[in-house]
Amino acid sequence: MTTKTLRGGGLSVRYAPRAALVVLGLLLAALALSVVLVGSGDFPMTPAEVLDTLLGNGTPVQEFAVTELRLPRVLVALLVGAALALGGAVFQSISRNPLGSPDVIGFGQGASVGALTVIVLFQGSAVATALGAVGGGVLTGVVIYLLAWKRGVHGYRLVLVGIGAAAMLTSVIHYLITKASLVDATRATLWMTGSLEGRDWTQFWPLLAVSCVLVPLVLGHGRALRMLEMGDDAAYALGVKVERTRIVLMASAVLLVAVATSAAGPIVFVSLSAPQLARRLTRAPGPNLAASAVMGSALLLGADWIATNAFGDRRLPVGVVTGVLGGCYLLWLLVSERRAGRI
Amino acid sequence: MTATDTPTHQDNGSTPMSERQRQRLGAESVTLAYEQRVIARDLSVEIPDHSFTVIVGPNACGKSTLLRALSRMLKPAEGRVLLDGQSIHSMPAKKVARTLGLLPQSSVAPDGITVADLVARGRYPHQGLLRQWSPEDERIVQESMESTGVAELADRFVDELSGGQRQRVWIAMALAQQTPLLLLDEPTTYLDIQHQIDVLDLCAELHETQGRTLVAVLHDLNHAARYATHLIAVRGGEVVAEGPPSEVVTADLVERVFGLRCQVIDDPETGTPLVVPAGRQARARRPAPGRTPALQK
């Protein structure tokens with residue numbers, strides 16, 4: 001058997017040792033990357049200095065650089081990566097399709113339309129923009145759910161409806177940009193690229209609050225989701241409340257993606273690739289929710305490190321790096337799916 | 001084993017079924033419909049406890065729909081399905097799943113899952129978030145794999161198996177659910193003949209040795225006649241006949257239900273009824289009954 005059990009006091013938890021190791025390894029990688037990222041910038045610090053400062057032994061300058069400038073940014077990246085990946089894992093599992101990911105089926109685009117509407121039509125503040133993104137993402141989720149619903153949501157319907165919605169929303173985005181003044185258009189385009197630049201504690205706290213509620217909720221439904229992957233009938237037979245589980249999970253995933261997008265802009269391809277990469281590492285069937293979430297964090301931090309360090313003085317927005325990496329991954333995915341005869 | 005539990009029922013004097021001893025599972029004047037399309041109206045059926053009941057009938061007669069209703073998957077538009085005297089749709093999902101198992105027609109084995117892990121999923125209704133795997137779960141999974149003959153495949157991947165082996169694994173998963181009642185929706189579809197017989201032999205064995213109540217939808221009338229202890233013949237959403245195959249399967253009934261002229265002889269192997277369709281010439285002499293207006297619904 002590939003699973004082991006922890007028992008004690010009549011309670012038992014079942015886990016796959018390999019998957020547990022993967023989660024632990026990715027978590028350590030994400031934390032290590034965090035320390036490196038906190039230490040890099042115009043005022044470089046060694047990892048030891050960073051840790052020292054975090055423990056409260058730094059100089060006032062180090063203290064300021066770490067706690068005011070860099071730590072919130074890195075923490076935002078950690079949570080955004082995890083939220084995007086978890087949302088992706090849920091949607092890929094429900095649609096039973098690796099392409100059924102929030103950034104492919106329109107939620108990212110929906111959040112962008114929401115944010116751009118606030119920027120272009122109302123010249124709203126950063127907070128209003130973030131709220132617009134959440135609203136746009138949630139609204140898109142509801143509309144796509146209703147359009148794809150036909151006695152339950154089915155994988156291909158969801159993907160096809162979502163891709164259609166994504167295309168329409170993209171044209172709305174372009175329309176909004178053409179209507180914008182030069183200043184607003186620049187702001188909109190910057191937002192659209194997806195960036196961690198200048199993220200501070202005001203982005204972090206709401207993100208943390210939402211994650212504290214939704215992440216345990218999603219992980220708690222993980223076992224039911226695993227049963228759902230065998231088909232609705234099989235899940236029914238095992239006593240899963242099929243439609244309710246699906247609605248709770250989809251709503252949580254939409255919210256997670258929308259809130260993550262509102263904090264960092266539409267960072268593409270993390271939702272798409274993190275769950276698949278996690279699956280390949282754990283080699284376990286099922287949605288691999290925890291592994292996907294830490295993979296998302298590690299991926300986004302890795303991309304951020306590349307964006308800030310790989311091009312010398314030029315710092316790229318992280319969305320550009322995830323876009324390039326994710327595009328390569330999408331190509332590879334399409335080719336391998338085609339070889340397997342699935343598309 | 002819970003199969004021997006004798007539930008107490010409160011008979012409702014207004015229903016015609018109250019004269020008989022109420023069985024654990026039954027449908028009480030149900031109307032079954034998919035959205036606007038009505039499949040069956042005012043249908044009542046009871047599954048005798050400890051029987052191997054087989055539901056037969058022509059395509060689109062409503063037999064799978066009936067099974068879906070009995071398994072809680074389709075909510076009747078009217079009437080109710082009773083499990084141990086309670087309306088099945090008002091019971092908690094996991095509680096139903098501990099009493100009533102179902103082998104659906106199509107299930108998807110997740111990529112890269114082993115036989116043992118798939119069978120273990122049958123324990124889901126007995127588990128909770130903090131009680132995920134007990135020594136009893138372990139033992140039952142092992143027993144289920146042994147009684148379906150897949151124990152030696154435990155560490156193989158399900159997608160590597162043949163169709164017949166895979167069906168045995170799904171049956172093992174349903175067995176691991178440890179339900180006194182087990183519903184099977186066309187368990188032999190897509191299997192070649194030796195695997196069909198293999199799966200049916202397995203069902204008969206589970207019925208005889210473990211005392212479970214089995215309800216299956218089968219396409220092949222001869223398989224049904226050979227394996228069932230109780231037969232329910234459905235046509236156009238109505239129960240045309242029910243009872244032991246030796247009483248139910250007659251040339252007259254086959255003609256009424258399937259619109260096929262035939263002889264019914266004794267199966268030389270088992271003595272159960274065997275349906276031999278009439279030759280082409282014999283059928284050509286008179287118009288096939290299935291095409292006469294009287295039998296068109």
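**Stop 1: the low-confidence ends of chain B**

Start by selecting residues 1-19 of chain B, where pLDDT stays under 50. This is a predicted model, and for that stretch it has 21 contacts beyond four places in sequence. Now jump to residues 290-297 of chain B: pLDDT stays under 50 there too, and the model has 6 contacts beyond four places in sequence for them. Keep both stretches in a separate colour while you look around.

Then colour the whole of chain B by pLDDT. The mean is 85, and 89% of the residues of chain B reach 70 or more. For the model as a whole, the scores are ipTM 0.81 and pTM 0.85.

**Stop 2: chain B from a distance**

Switch to a cartoon of chain B and you can look for 10 helices and 12 strands. Chain B has 297 residues, of which 44% count as buried. A contact map is a handy companion here: among the contacts in chain B with a separation of 6 or more, 63% are between residues 24 or more positions apart.

**Stop 3: where chain B touches chain A**

Bring chain A back into view. How many residues of chain B are in contact with chain A? There are 30, and they are in contact with 24 residues of chain A. To find them on the chain B side, select helix 2 (93-99), strand 6 (100-103) and helix 3 (115-120) of chain B, the elements that give two or more residues to the side touching chain A. Helix 2 of chain B gives the most, with 4 residues. Colour that side of chain B by residue class and you get 15 nonpolar, 9 polar and 6 charged residues.

**Stop 4: a helix crossing in chain A**

Stay with chain A and select helix 4 (residues 107-122) together with helix 5 (residues 126-148). Their axes come within 6 Å and cross at roughly 140°. Should you call this pair parallel, antiparallel, perpendicular or oblique? Angles over 145 degrees would count as roughly antiparallel; helix 4 and helix 5 of chain A are therefore oblique to each other. The crossing of helix 4 of chain A past helix 5 of chain A is right-handed.

Show the side chains at the contact. On helix 4 of chain A, the residues to pick include A:Phe107, A:Gly110, A:Ala111, A:Gly114 and A:Val118. Facing them from helix 5 of chain A are residues including A:Ala128, A:Gly132, A:Gly136, A:Leu139 and A:Thr140. By class, this contact of helix 4 with helix 5 of chain A has 9 nonpolar, 11 polar and no charged residues.

Before leaving chain A, click on A:Arg96, in the loop between helix 3 (60-95) and helix 4 of chain A. Its phi is positive, about 50°, although A:Arg96 is not a glycine. With 18 C-beta neighbours inside 10 Å, A:Arg96 counts as partly exposed.

**Stop 5: a strand residue and a covered helix in chain B**

Back on chain B, select strand 2 (residues 37-47) and pick out B:Asp42. B:Asp42 also has a positive phi of about 50° without being a glycine. Is B:Asp42 buried or exposed? It has 12 C-beta neighbours inside 10 Å, so B:Asp42 counts as exposed.

Next, select helix 1 (residues 63-70) of chain B, which is mostly covered, with 7 of its 8 residues buried. The buried ones are B:Lys63, B:Thr65, B:Leu66, B:Leu67, B:Arg68, B:Ala69 and B:Leu70. Just after helix 1 of chain B, check B:Arg72, which takes a positive phi of about 80°.

**Stop 6: helices 5 and 6 of chain B**

For the last stop, select helix 5 (residues 163-176) of chain B and helix 6 (residues 193-210) of chain B. They pack at an angle of about 20°, with their axes 10 Å apart, and are therefore roughly parallel to each other. Helix 5 of chain B passes helix 6 of chain B in a right-handed crossing.

Display B:Gly163, B:Gly164, B:Gln167, B:Arg168 and B:Ile171 from helix 5 of chain B, then B:His195, B:Asp198, B:Val199 and B:Leu202 from helix 6 of chain B; these make the contact. Their classes are 3 nonpolar, 4 polar and 2 charged.

Finally, follow helix 6 of chain B to B:Glu205. With 12 C-beta neighbours inside 10 Å, B:Glu205 counts as exposed. Draw a distance from its C-alpha atom to that of B:Leu182, 23 residues apart along the chain, and you should read 13 Å.

Note on methods:
Residues are numbered from 1 along each chain as its sequence is written. Chains are lettered from A and ligands numbered from 1 in the order in which they are written. Two residues are in contact if their C-beta atoms, placed from the backbone, lie within 7 Å. Ala, Val, Leu, Ile, Met, Phe, Trp, Tyr, Cys and Pro count as nonpolar, Asp, Glu, Lys and Arg as charged, and the others, Gly among them, as polar. pLDDT is the predictor's confidence in each residue, from 0 to 100. Axes are lines fitted to C-alpha atoms, for helices over the stretch in contact, and angles run from 0 to 180 degrees between N-to-C directions. Angles under 35 degrees count as roughly parallel, over 145 as roughly antiparallel, 65 to 115 as roughly perpendicular and the rest as oblique. A crossing is left-handed if the near helix is turned anticlockwise from the far one by less than a right angle, and right-handed if clockwise. A residue is buried if 20 or more other C-beta atoms lie within 10 Å of its own, exposed if 12 or fewer, and partly exposed in between; C-beta atoms are placed from the backbone.
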